[in-house]
Amino acid sequence: MRLVILGGSGSGKSTQAQRLSKVFNVPLISTGETLRAAIYGNNQNNNYGELNDLVLEAKPYLEQGEFVPDEMMIEFIKVRLKQPDVNEGWILEGYPRTAFQAEELDFLLEELGQNLNWAIYLQVSAAVMVSRSLGRLLPDDQPEIVQRRVELFYDRTIPILEYYDHRRHLLTINGDRSPEQVEQEILTLLG
């Protein structure tokens with residue numbers, strides 16, 4: 001199973017990605033977690049030396065609540081998807097964040113002989129995104145940074161939904177419900 005989990009900050013992406021990773025027994029590739037771990041010094045679980053340099057280059061963007069530039073993120077994903085632990089499948093959370101990244105991911109998957117099963121969009125309101133994000137107590141979840149991420153989400157991420165919808169790879173899920181209800185709907189739709 002190869003899934004992309006999409007949604008704004010605080011939409012439940014991490015929760016559902018972790019749950020689905022266990023259900024399908026495939027690695028979770030969380031770009032946000034990997035970037036935060038490397039930047040805030042909690043990267044002892046990262047055995048991918050090549051990724052560390054890329055992550056450190058991303059630090060200034062993350063500290064301001066900006067998206068990491070496409071070229072950096074594409075290279076990061078390229079390195080990660082070439083690791084042997086993802087040969088049988090993966091759950092990708094936090095990437096792609098732009099339509100360009102989505103297209104580049106498709107090119108990369110073609111090159112690797114893999115295919116994406118579904119892009120799952122967890123749809124929640126802007127108010128829910130902000131309140132959930134502020135409740136997480138992560139180092140980069142400051143009110144002004146959270147608000148900026150929500151704005152960027154609407155500006156840059158919505159075209160990804162159109163991209164995956166056009167390719168008939170999009171599942172839209174109401175993310176305003178309990179994590180158990182959201183997971184159950186995803187599993188039902190995946191069959």
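What volume does the largest pocket have? In this predicted model, the largest pocket has a volume of about 790 Å³. Its lining is made up of 45 residues, of which Ser9, Lys13, Glu93, Arg97 and Arg136 are the closest to the centre of the pocket. Two or more residues of the lining are given by each of the elements β1 (2-6), α1, α2 (31-39), α7 (143-166) and α8 (179-190), and the largest share, 5 residues, comes from α2. By residue class, the lining of the largest pocket divides into 15 nonpolar, 19 polar and 11 charged residues.

The database annotation can be set beside this lining. An unreviewed UniProt entry places the feature "binding site" at Gly10, Ser11, Gly12, Lys13, Ser14, Thr15, Arg136 and Arg177. Of these residues, Gly10, Ser11, Gly12, Lys13, Ser14, Thr15, Arg136 and Arg177 are included in the lining of the largest pocket. Lys13 and Arg136, which carry the annotation in the UniProt record, are also among the residues closest to the centre of the largest pocket.

Helix α1 contains serine 14, threonine 15 and glutamine 16, and the accessibility of each was examined in turn. Serine 14 has a relative accessible area of 25% and is therefore partly exposed, since the buried class ends at under 20% and the exposed class begins at over 50%. Threonine 15, at 35% relative accessibility, likewise counts as partly exposed. Glutamine 16, by contrast, has a relative accessible area of 3% and is therefore buried. When residues up to four places away in sequence are not counted, serine 14 touches Glu33 and Glu93, whereas the contacts of glutamine 16 are with Leu122, Pro179, Val182, Glu183 and Ile186. Glu93, one of the two residues touched by serine 14, is also listed among the residues closest to the centre of the largest pocket.

Glu93 belongs to strand β3 (residues 90-93), from which Trp90 and Leu92 point one way and Ile91 and Glu93 the other way, all of them being buried. Such an arrangement can be read against the general pattern, in which the side chains of a regular strand alternate between the two faces of the sheet. Strand β3 pairs with β1 in the parallel sense over 4 bridges, and within this pairing isoleucine 5 stands opposite glutamate 93. Strand β2 also runs parallel to β3, to which it is joined by 3 bridges, and the bridge partner of isoleucine 29 in β3 is leucine 92.

A further set of contacts to β3 is made from the loop between α1 (13-24) and β2 (28-30), in which valine 26 lies. Valine 26 has a relative accessibility of 8% and so counts as buried, the cut-off for this class being under 20%. Residues up to four places away in sequence again being set aside, valine 26 touches Met1, Ser21, Glu88, Gly89, Trp90 and Ile91. Among these contacts, glycine 89 is 63 residues apart from valine 26 in sequence, yet the C-alpha atoms of the two residues are 5.6 Å apart in space. Trp90 and Ile91, which are also touched by valine 26, are buried residues of β3 that point opposite ways from the strand.

Notes. Residues numbered from 1 in each chain as written. Predicted model: local features only at pLDDT ≥ 70, side-chain atom pairs only at ≥ 80, totals over all residues. Heavy atoms only, no water. Buried < 20%, exposed > 50% of the residue type's maximum accessible area, 1.4 Å probe, protein only. Contact = heavy atoms within 4.5 Å. 1 Å grid on protein atoms, 1.4 Å probe; cavity = no way out; pocket = protein on both sides within 12 Å on 5 of 7 lines; lining within 4 Å. Points joined across faces, edges and corners; volume = space filled by probe spheres on them. Nonpolar A, V, L, I, M, F, W, Y, C, P; charged D, E, K, R; others polar. UniProt positions renumbered as here; feature names shortened; annotations may be inferred. Pairing = 2+ DSSP bridges.
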